[in-house]
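User: Hi! I'm new to this one and would love a friendly walk through it. Could you show me what we're looking at?

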Amino acid sequence: MIKNYFKIAYRSLVKNKGFTAINILGLALGLAACLLIIFYVVDELSYDRYNVNADRIYRVDEDLKLGNNKVQYAVAMPPLAKTLINDFPQVENAVRLKKAAISVKKGDEYLAENNVVFADPSVFDVFTLPLIYGNKASLLKDPNTVVISASAALKYFNKLNVIGQQLTVPNYATLKITGVIKDMPEQSHFRADFLMAMASWPDSRTNEWLRSDYNTYVLLRKGADYKSLENSFPQLLRKYSGEEMQKAVGMNINDFEKSGSYFRMSLMPLTDIHLHSNLTGELGANGTTQYIYIFSAIAVFILIIACVNFMNLSTARSANRAREVGVRKVLGSPRKYLIIQFLTESVLVTFAATLIAIAAVVLLLPSFNSLANKNIVINVYALNWLVPTLLSGVLLIGFLAGAYPALFLSAFQPGAVLKGRIANGFKGSSIRSFLVVFQFAISIFLIIGTLVIYSQLKYIQNHDVGYNRDQVLILQNAWALRNQAKTFKQEVQQLPGVVNATLTGFLPTSQNRNTSIFCKDASKDPKKEIFPQAWRIDEDYIKTLGMKMVKGRPFSAQMPTDSNALLINETAAKFLGFADPVNKTLYQQNGDTMKPYTIIGVVKDFNFNSLRQNITPVVMLLSTDNSNMAIRVQTANIHGLLAQIENKWKAIAPHAQFKYSFMDDDFDAIYRTEQRMGKIFFIFTSLAIVIACLGLFGLATYAAEQRSKEISIRKVLGASIANITTMLSVDFIKLIFIAMLIALPAAWYIMHQWLQNFAYRTNIDWWILAVAGILAILIAFITISFQSVKAALTNPVKSLKNE
């Protein structure tokens, strides 16, 4: 019996090749898109789950409010990890991490390494870091020891067993390799190729409780409640930081909180960090749940559109199957067998589409990885969940897509069918019309979403960020020049094509940040304090970056008193409440005293975070910081100028790597996630439209077939091709208009909510909605017209010769 179902289903599908091809192609496209999105979502949700104890690991975060300033940190104070182990029995272990960058000698050159983390020895007890070589009991206990990844071992020694070998880090130390670990998975919120002993970090043993420098993680004992530990933090802070708080702000914690300020700690589950954390001091760039929801919704929409195609085409061709149903019922076939028959056809179509979708995914996965900046592979682990998911999906989709057609077709009454009284064609089903509206409402929504995303990206590119990022060369490791950095800067400034240059560790497009407390007077009153970014810059910084002075003047090498001067941005001036900040004094704690600084100028506000965030107060101090060098250039021969700069670099630091970037590229990198998401959104939107049009094309084909005699009679009576095309198209176009009425307000509202994530954002102009609607009508009309014109051009004799 089952064999018979499959045989009849196969024959029926082969007999109707056009119908079968459209359904299989539509479902295959939908399933392929859905699978790619599933891979992306699974990859995002799997971050840090490779750790055996992932469900018991938490990061300690800080939340500080000082006056009107609010800051959230992913770092904590130096002694916290040890204190948590000693004072709280529910804490099994804890570890501190400190991100760094070093230069490592390889042959005659020094290579810059950014995946460097200082760590306590307990890092191997908290995180799952499989050891290839080395003794776990002794790792990272001694200063100047390092554990490296397998990739680093191969990079520097071309072998894995490098225990006892040494790495030379200039201006720091010679490091002894005591262990080699497997490369950390891509799905980790931080990556380290070099784990250096925390004992080597200068301030790792400090006992300061109001200094936050270390990403601190705790491993709780089994069954421990992290909320219970979190509730103990206020008492912990009172116990250990009270004395320092009194010294820093002139009051204890209770009075500090009564003044409207606060200092709090919280715990974040390790597996939540990648998608739910974007705090100051993160170890790496994290993702966002927003895109998980968006792409999951797109996957569901695309799959629904593909299933709707199947339902629509199956019911639209009811006239072709009606007599088959009538005859089988007359011969005694129960309705349940007919339902099984039609569901079998549906499952066969879904199975064939799934095979094509899998092949498409295998072919497209490398391109998708490049587009989404992923490294997704179909391995044994993936197959463990993929195969059952696909098999379940074939049955589920086959049943859902085939249920309505099966119930619809099997319900025909044999008497009515054999007499020719059945609902034919496009006008025969209000449900089918609803499904067409539903399809195109989704398509219009996705078109609007794509246009809004690209409009926001264009706004970001053109927004005045308060500095000129064009033609600014960034030398990323100027610290390698050591005490010759200033000499190098002066020599570079003399080169033709160089406008100016500055040495600093703080650039608007970099991730280096530093905060400090400044007060309007020496009273330490929190209500008179601000908590701004405190950037160390030189006298050429403002001119080099093309920033503008609103009031006062920038730093000058000709003014010795500028060492005790400050520049502030407009936001800092507003926070301070000064009508004219120039020549006003701010105080910063320096040991037991409050050091005064004179404000000499106000810089126009500039964006140094993502445009998702508002500009916050910035204070600039004249100080030496050789971390980076920014060089403003103006030349048509950029490659020639780069060669000259590199020659001067090699003359001073012949073995140091000449590593550079351009500021406009660094700026674009901040929004690369949005750019990638925009491209992915566009691709999947296009797929959704193609699938919807496939269904519409199929419906138009069957509508033309079922009205072929009517079309022929109209042609004989003198109807033109335009008349017939309009007649066949108008019903569909009406549905597209209804879809527009549904989709336009829904899309406007949802995309308006998405834009609220940006502090600086574009508006959803009327033309975006108009373009989306016109585009949907145009696409639908072209799709329908192709078949309508074909039907109108058919010789009427062919349709009427049997009458």
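**A first look around**

Analyst: Happy to. Of the 803 residues in the protein, 52% are buried. Keep in mind that this is a predicted model.

User: Good to know. How many helices and strands does the protein have?

Analyst: There are 25 helices and 23 strands. The C-alpha atoms fill a box of roughly 105 × 60 × 60 Å, taken along the principal axes.

User: And what share of the contacts comes from residues 24 or more positions apart?

Analyst: Among contacts with a separation of 6 or more, such residues account for 79%.

User: Let's pick a helix. Is α2 largely enclosed or not, and why?

Analyst: Helix α2 is largely enclosed by the rest of the structure, because 21 of its 29 residues are buried. The helix covers residues 17–45, and at 1.5 Å a residue it should span 42 Å. Its end C-alpha atoms are 41 Å apart, which agrees.

User: Which residues does Leu687 contact, leaving aside its neighbours within four places in sequence?

Analyst: Leu687 is in contact with Leu29 and Ala33. Leu687 itself belongs to helix α21, residues 672–706. From Leu687 to Gly26 there are 661 residues in sequence, yet the C-alpha atoms are 9.4 Å apart in space.

User: What comes after α2 in the chain?

Analyst: A loop between α2 and β1 (57–66), and Asp48 lies in it. Asp48 has a positive phi of about 70° although it is not a glycine.

User: Why mention that?

Analyst: Because most residues other than glycine have a negative phi. Gln471 is another example, with a positive phi near 55°. Gln471 is found in the loop between α15 (430–462) and β12 (472–475).

User: Are those two buried or exposed, or in between?

Analyst: Asp48 counts as buried, at 1% relative accessibility. Gln471, at 37%, counts as partly exposed.

User: Switching topic: how many disulfides are there?

Analyst: The count comes to 0 disulfides. Take Cys34: the nearest cysteine sulfur, that of Cys307, is 9.4 Å away, and Cys34 is in no disulfide. A disulfide would need the two sulfur atoms within 2.5 Å.

User: Is Cys34 buried or exposed?

Analyst: Cys34 is buried, because its relative accessible area is 10% and the cut-off for buried is under 20%. Cys519 counts as buried too, at 0% relative accessibility.

User: What about aromatic rings? How many pairs turn up?

Analyst: A search of the whole structure finds 22 aromatic pairs. One of them joins Trp209 and Tyr240, whose rings are stacked at 4.9 Å centre to centre, with 15° between the planes.

User: Where do those two sit?

Analyst: Trp209 lies in the loop between β9 (194–197) and β10 (215–220), while Tyr240 is in helix α7 (residues 233–249). The pair therefore ties together parts that are 31 residues apart in sequence. Trp209 counts as buried, at 2% relative accessibility, whereas Tyr240 is partly exposed, at 27%.

User: Nice. Which residues do ring pairs link into a cluster?

Analyst: Phe488, Trp649, Phe658, Tyr660 and Phe662 are linked that way.

User: Which rings have a charge sitting over them?

Analyst: Tyr214 is one: the charged end of Arg96 sits over its ring, 5.1 Å from the centre. Phe667 is another, with Arg469 over its face at 3.8 Å from the ring centre.

User: Let's look at some polar side chains. What does the side chain of Thr544 reach?

Analyst: It reaches the backbone oxygen of Asp540, at 2.6 Å. Thr544 is in helix α17, residues 541–544, and is buried with a relative accessible area of 0%. Not counting residues up to four places away in sequence, Thr544 touches Asn500, Ala501, Thr502, Ala630 and Arg632.

User: And what does the side chain of Asn569 reach?

Analyst: The backbone nitrogen of Val618, at 3.0 Å. Asn569 has its place in strand β18, residues 565–569, and counts as buried at 1% relative accessibility.

User: Which residues does Asn569 touch?

Analyst: Setting aside residues up to four places away in sequence, Asn569 touches Val602, Val603, Asp605, Ile615, Thr616, Pro617 and Val618.

User: Great, that gives me plenty to look at. Thanks!

Key:
Residues are numbered from 1 along each chain as its sequence is written. This is a predicted model: local features need pLDDT of at least 70, side-chain atom pairs count only at pLDDT 80 or more; totals for chains, interfaces and linings use all residues. Side-chain values use heavy atoms; hydrogens and water are left out. Buried means under 20% relative accessible area, exposed over 50%, partly exposed in between (1.4 Å probe, protein chains only). Rings of Phe, Tyr and Trp (its six-membered ring) pair if their centres lie within 6.5 Å; planes under 30 degrees apart count as stacked, over 60 as edge-to-face and the rest as tilted. Helices (H or I, at least four residues) and strands (E, at least two) are DSSP runs, numbered from the N terminus. A charge sits over a ring if NZ of Lys or CZ of Arg is within 6 Å of the ring centre and within 35 degrees of the ring normal. A polar contact is a pair of N or O atoms within 3.5 Å; within protein, one must be able to donate a hydrogen and the other to accept it, and residues adjacent in sequence count only if both atoms are side-chain atoms. Contact means heavy atoms within 4.5 Å. The expected span of a helix is 1.5 Å times one less than its number of residues.
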